[in-house]
Amino acid sequence: MDLIIENLKIPVELDNAEHYLKACSIKLQISLKSISIIKILSKEADFQNCNQFNYILTLAVNVPDSFDYSKNFEAYIETAVPYRKNMKIKERPIIIGFGPAGMFAALELVSYGLKPVIFERGKKIEDRSLDVKQFILQKQLNHDSNIQFGEGGAGSFSDGKLFSRRNKNTSHVKRVLDTFIKFGAPEEIAYVSKPHLGTDILFKIVINIRNYILDHGADLYFSSKLTGLIISGQAAKGVVINNDMEFYSADIYLAMGHSARDTFGIIYDQDVFVEQKPIQVGVRIEHPSKLINQIRYGSKYQDFPEIGAAVYSLNYTDKSKKRGVYTFCMCPGGEIINASSEPGMMVLNGMSNSDRSSEFSNAAIVVSCHTDDYDSDHPLAGILFQK
């Protein structure tokens with residue numbers, strides 16, 4: 001039979017399958033030979049005691065059918081992937097943007113047997129990376145192919161942290177994590193408490209997703225920017241691309257990133273309903289990784305390589321003003337990058353590779369901004385405030 005074993009405390013120095021089995025044997029009070037590990041369900045770091053760091057694990061294990069588990073343990077049942085029936089629609093759906101939102105929209109549509117047509121204003125990630133390199137080295141900015149725009153979106157040149165405010169065990173979160181694993185992410189992201197991919201792994205995942213949706217009948221056009229909507233009878237009927245190509249479909253998914261300010265202006269000018277939303281603004285700070293490791297880990301573990309570069313999170317809320325300030329997108333062992341997408345304007349981002357081995361760590365410190373900070377009720381006032 002298969003059981004769930006929770007709250008196994010494993011010292012970080014003994015982080016391996018052999019000691020997982022020993023901990024299960026002690027908790028179940030049966031022999032090691034009677035237990036086999038099916039999978040790790042969760043793994044969370046417990047670094048509160050500087051004298052001994054531990055991992056807290058939940059495992060799915062197999063034990064003999066004769067074991068009496070009814071009082072203390074829960075049975076483990078693997079959830080099945082829901083079957084998707086094909087959907088028939090008259091027109092192929094259109095997706096604008098091929099960042100995270102556009103990619104997952106495309107994956108969802110092809111899972112129903114549909115064949116979306118996708119338009120991305122930037123280049124595919126192999127060519128985009130050359131434009132980013134040229135910008136870093138020679139300060140030559142390509143307006144539509146940079147750290148903000150292009151296949152994979154801004155996230156492809158970011159830290160690759162997978163964060164959700166939802167419980168990690170929900171079906172939606174599990175589907176997202178399983179999707180990343182399917183396309184090349186390490187399997188540990190399904191169970192570690194704060195999963196991280198890294199820019200180097202994201203690069204490969206993006207290419208794998210692109211190839212998958214193309215193999216399933218989608219069409220993907222790069223250097224293809226939305227320049228207008230085709231509207232008839234107060235309903236969208238299609239899109240205009242690069243001011244000269246028209247594509248017709250009533251099913252349009254707008255998956256632009258927040259830096260596509262020109263696109264928001266276009267859809268507003270065509271009387272599409274647009275409303276303000278709060279944003280966060282701030283600065284990014286950088287410090288030596290060794291300093292953060294010393295503060296967070298203490299003398300015993302500051303040079304312990306297996307636990308990686310230290311992370312931190314700080315926040316404060318002024319309840320009277322209903323405004324908070326907090327750290328965001330903390331990048332241990334990462335670097336700060338210039339993520340500009342318009343000439344004469346600079347915005348910074350943080351990134352790190354999967355090994356998080358840089359000598360520096362950084363984090364954004366942001367403050368929440370309300371719509372009344374914009375000094376205007378115009379729907380695009382937040383974009384002007386951002387600029």
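**Strand pairing, cores and a shared salt-bridge network**

In strand β17, C331 finds its bridge partner in N362. That pair belongs to a longer run of pairing in this predicted model: strand β14 and strand β17, the latter covering residues 360-369, line up in the antiparallel sense over 5 bridges. Strand β14 also has a partner in strand β13. Here β13 (residues 315-318) and β14 (residues 323-331) run antiparallel and are joined by 4 bridges. One of these links can be placed at D318, whose bridge partner in β14 is R323. The two strands make a hairpin with 4 residues between them, and within that turn K322 takes a positive phi of about 55°.

Stepping back to the chain as a whole, the secondary structure adds up to 8 helices and 17 strands. The C-alpha atoms fit a box of roughly 70 × 50 × 45 Å along the principal axes. Of the 387 residues, 40% count as buried. Contacts also reach well along the sequence: among those with a separation of 6 or more, 66% come from residues 24 or more positions apart.

What about the nonpolar interior? In soluble globular proteins, nonpolar side chains tend to be buried together. The largest nonpolar core here has 30 residues, and the members that touch the most others are L3, L28, L57, L59, V61 and V63. Two or more residues of this core come from each of β1 (2-11), α1 (17-28), β3 (54-62) and α7 (289-301). V63 gives a good feel for how these pieces meet: once neighbours within four places in sequence are set aside, V63 is in contact with M1, L3, L28, I30, S34 and I35. Two of those partners, L3 and L28, are themselves on the list of residues that touch the most other core members. Apart from this core lies another, of 27 residues, with A105, I125, V206 and I207 among them.

Three of the residues just named for that second core, I125, V206 and I207, turn up again where two helices meet. Helix α3 (residues 125-138) packs against helix α5 (residues 199-215) at an angle of about 145°, and their axes are 10 Å apart. On the α3 side the contact is made by I125, E126 and S129, while α5 brings in F203, V206, I207 and R210. Sorted by class, the contact holds 4 nonpolar, 1 polar and 2 charged residues.

Elsewhere in the chain, there is an open sheet of 3 strands in the order β8-β9-β10, paired antiparallel. Its edge strands, β8 (226-232) and β10 (245-248), each pair on one side only. On average, neighbouring strands of the sheet are turned by 30° against each other, direction ignored. Strand β9 (residues 235-241) is joined to β10 by 4 bridges, again antiparallel, and I241 has M245 as its bridge partner in β10.

On the charged side of things, the count comes to 15 salt bridges. R121 is a handy place to start. Its bridge to D144 brings the closest N and O atoms to 2.9 Å. R121 sits in the loop between β6 (117-119) and α3, and D144 in the loop between α3 and α4 (171-182), so this pair ties together parts that are 23 residues apart in sequence. R121 also bridges to D262, again with the closest N and O atoms 2.9 Å apart. Since D262 lies in helix α6 (residues 261-269), that pair ties together parts 141 residues apart in sequence.

How do these residues sit relative to solvent, buried or exposed? R121 counts as buried, because its relative accessibility is 13% and the cut-off for that label is under 20%. Its two partners are less hidden by that labelling: D144 counts as partly exposed at 23%, and D262 is partly exposed too, with a relative accessible area of 35%.

K123 makes a salt bridge with D131, the closest N and O atoms being 3.1 Å apart. In this pair the lysine, K123, is partly exposed at 27% relative accessible area, whereas the acid, D131, counts as buried at 11%. Through shared partners, salt bridges join R121, D144, K225 and D262 into one network.

Technical notes. Residues are numbered from 1 along each chain as its sequence is written. This is a predicted model: local features need pLDDT of at least 70, side-chain atom pairs count only at pLDDT 80 or more; totals for chains, interfaces and linings use all residues. Side-chain values use heavy atoms; hydrogens and water are left out. Two strands pair if DSSP finds at least two bridges between them. A nonpolar core is a set of buried Ala, Val, Leu, Ile, Met, Phe, Trp, Tyr and Cys residues joined through side-chain atoms within 4.5 Å. Buried means under 20% relative accessible area, exposed over 50%, partly exposed in between (1.4 Å probe, protein chains only). Contact means heavy atoms within 4.5 Å. Axes are lines fitted to C-alpha atoms, for helices over the stretch in contact, and angles run from 0 to 180 degrees between N-to-C directions. Ala, Val, Leu, Ile, Met, Phe, Trp, Tyr, Cys and Pro count as nonpolar, Asp, Glu, Lys and Arg as charged, and the others, Gly among them, as polar. A salt bridge is a side-chain nitrogen of Lys or Arg within 4 Å of a carboxyl oxygen of Asp or Glu.
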